[in-house]
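Visitor: I would like to go through this model by asking, for each label, what justifies it. Could you set each value against its cut-off as we go?

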Amino acid sequence: METFLNNMEKQTKIILLCMLLLPVLSKPVAAQTSIFHSEDKKATRNGNKLYDKDNYADAEAEYKKALDKKNNMPEATFNLGDAVYKQKRYDEAIKQFQLAAQNNPDPKVKAQAYHNLGNTYLEQRKWDDAIKAYKESLKINASDKDTKYNLAYANSMIVKEKNEQKQNKDKKKDDKDKDKKDDKKDQGNNKKPDSPEDKPGDKDQQGQNKDQKKGGAQPQMTKEQAEKLLQAMQDEEQKTNQKVQQKQVKAVNVKVQKDW
């Protein structure tokens with residue numbers, strides 16, 4: 001009973017943890033300012049303004065415009081990942097955050113890219129991949145509370161799923177055992193007294209068949225033996241016919257005396 005209560009307490013804590021810890025997405029990063037306002041940075045800033053207004057499709061278009069001007073631009077690459085993530089296109093977001101984590105020279109942005117990569121894996125319920133991404137982020141920025149919370153969330157989901165799988169497995173096993181018991185019970189109720197296994201005649205016949213099989217094939221008779229056997233049968237038949245004829249003759253010649 002104590003073990004059961006402990007397990008219930010652990011599961012309650014896990015559920016509460018899952019309710020409290022929700023993944024937090026890092027916002028788009030601003031383009032580095034410079035004296036010369038290049039077209040790629042201008043497009044990135046426009047995209048950020050649209051993103052803040054929740055206009056993610058138009059923000060995506062601006063980030064792509066910036067990348068057309070400057071391929072693999074770190075800020076635009078990262079922010080494009082945010083824009084497609086908000087539109088629930090998670091496979092595309094993963095590619096963008098991976099690129100941002102690999103190519104961005106700023107450690108802070110690199111850590112945020114890993115953080116957002118972990119969040120994207122969470123949306124796909126890929127807990128192990130999410131945990132790896134969060135750990136990479138914490139290697140760069142160990143003090144980030146949002147990443148720590150999200151890492152705890154991913155770990156709690158793994159524990160929750162394992163508990164659910166175990167419960168389902170136990171339930172299937174119990175149902176299977178119950179079905180077996182019911183089948184045995186039905187077989188016992190439906191058994192007929194005159195079933196083949198209760199017939200001695202059938203058993204004897206089966207025994208004879210087995211004996212014949214054990215004895216092997218009968219030896220074949222030669223031609224001479226067959227002719228002798230046939231001749232003997234004919235002689236025996238002839239003797240029998242003669243005896244029958246003699247009896248018939250005697251029966252005909254017998255005079256019957258009447259008792260007057």
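Visitor: Why is Glu 161 called partly exposed?

Guide: The model is a predicted one, and in it Glu 161 has a relative accessibility of 22%. Partly exposed covers the range between the buried limit of 20% and the exposed limit of 50%, so Glu 161, at 22%, counts as partly exposed.

Visitor: What makes the contact of Glu 161 with Arg 125 a salt bridge?

Guide: The closest N and O atoms of Glu 161 and Arg 125 are 3.1 Å apart, and because the rule asks for a side-chain nitrogen of Lys or Arg within 4 Å of a carboxyl oxygen of Asp or Glu, the pair qualifies as a salt bridge. Glu 161 belongs to helix α8 (residues 145-190), while Arg 125 sits in the loop between α6 (107-123) and α7, so the pair ties together parts that are 36 residues apart in sequence.

Visitor: How many salt bridges are there by this rule?

Guide: The count comes to eight salt bridges, and one of them is formed by the side chains of Arg 89 and Glu 60, with 2.8 Å from N to O. Arg 89 lies in the loop between α4 (74-86) and α5 (90-103) and Glu 60 in helix α3 (residues 56-69), so this pair ties together parts that are 29 residues apart in sequence.

Visitor: Which of the labels buried, partly exposed and exposed apply to Arg 89 and Glu 60?

Guide: Arg 89 has a relative accessible area of 25%, and is therefore partly exposed, whereas Glu 60, with 7%, is buried.

Visitor: How do you know that Asp 170 and Lys 166 are separated by about one helical turn?

Guide: Asp 170 and Lys 166 are four residues apart in helix α8, which means a separation of about one helical turn. Their side chains meet in a salt bridge of 3.2 Å, N to O. Asp 170, at 33% relative accessibility, counts as partly exposed, and Lys 166, at 53%, counts as exposed. Elsewhere, salt bridges that share partners join Glu 60, Lys 64, Arg 89 and Glu 92 into one network.

Visitor: What makes the pair of Tyr 51 and Tyr 56 edge-to-face?

Guide: The structure holds three aromatic pairs. In the pair of Tyr 51 and Tyr 56, the distance is 5.1 Å centre to centre, with 65° between the planes; because pairing needs centres within 6.5 Å and edge-to-face needs planes over 60 degrees apart, the pair is edge-to-face. Another of the pairs joins Tyr 85 and Tyr 90, whose ring centres are 5.6 Å apart with planes at 70°, so that pair is edge-to-face as well.

Visitor: Why are Tyr 51 and Tyr 56 called buried?

Guide: The relative accessibility of Tyr 51 is 7% and the relative accessible area of Tyr 56 is 17%, and because buried means under 20%, Tyr 51 counts as buried, as does Tyr 56. Tyr 85 and Tyr 90 are buried too.

Visitor: How do you know that the buried residues of α7 lie on the same side?

Guide: Among the buried residues of α7 are Trp 127, Ile 131, Tyr 134 and Leu 138. The buried residues cover an arc of only 165° around the axis, which puts them on the same side of α7. The face turned away from that buried side carries the exposed residues Asp 128, Lys 132 and Lys 139.

Terms used: Residues are numbered from 1 along each chain as its sequence is written. This is a predicted model: local features need pLDDT of at least 70, side-chain atom pairs count only at pLDDT 80 or more; totals for chains, interfaces and linings use all residues. Side-chain values use heavy atoms; hydrogens and water are left out. Buried means under 20% relative accessible area, exposed over 50%, partly exposed in between (1.4 Å probe, protein chains only). Helices (H or I, at least four residues) and strands (E, at least two) are DSSP runs, numbered from the N terminus. The arc is that of the directions from the helix axis to the C-beta atoms. Rings of Phe, Tyr and Trp (its six-membered ring) pair if their centres lie within 6.5 Å; planes under 30 degrees apart count as stacked, over 60 as edge-to-face and the rest as tilted.
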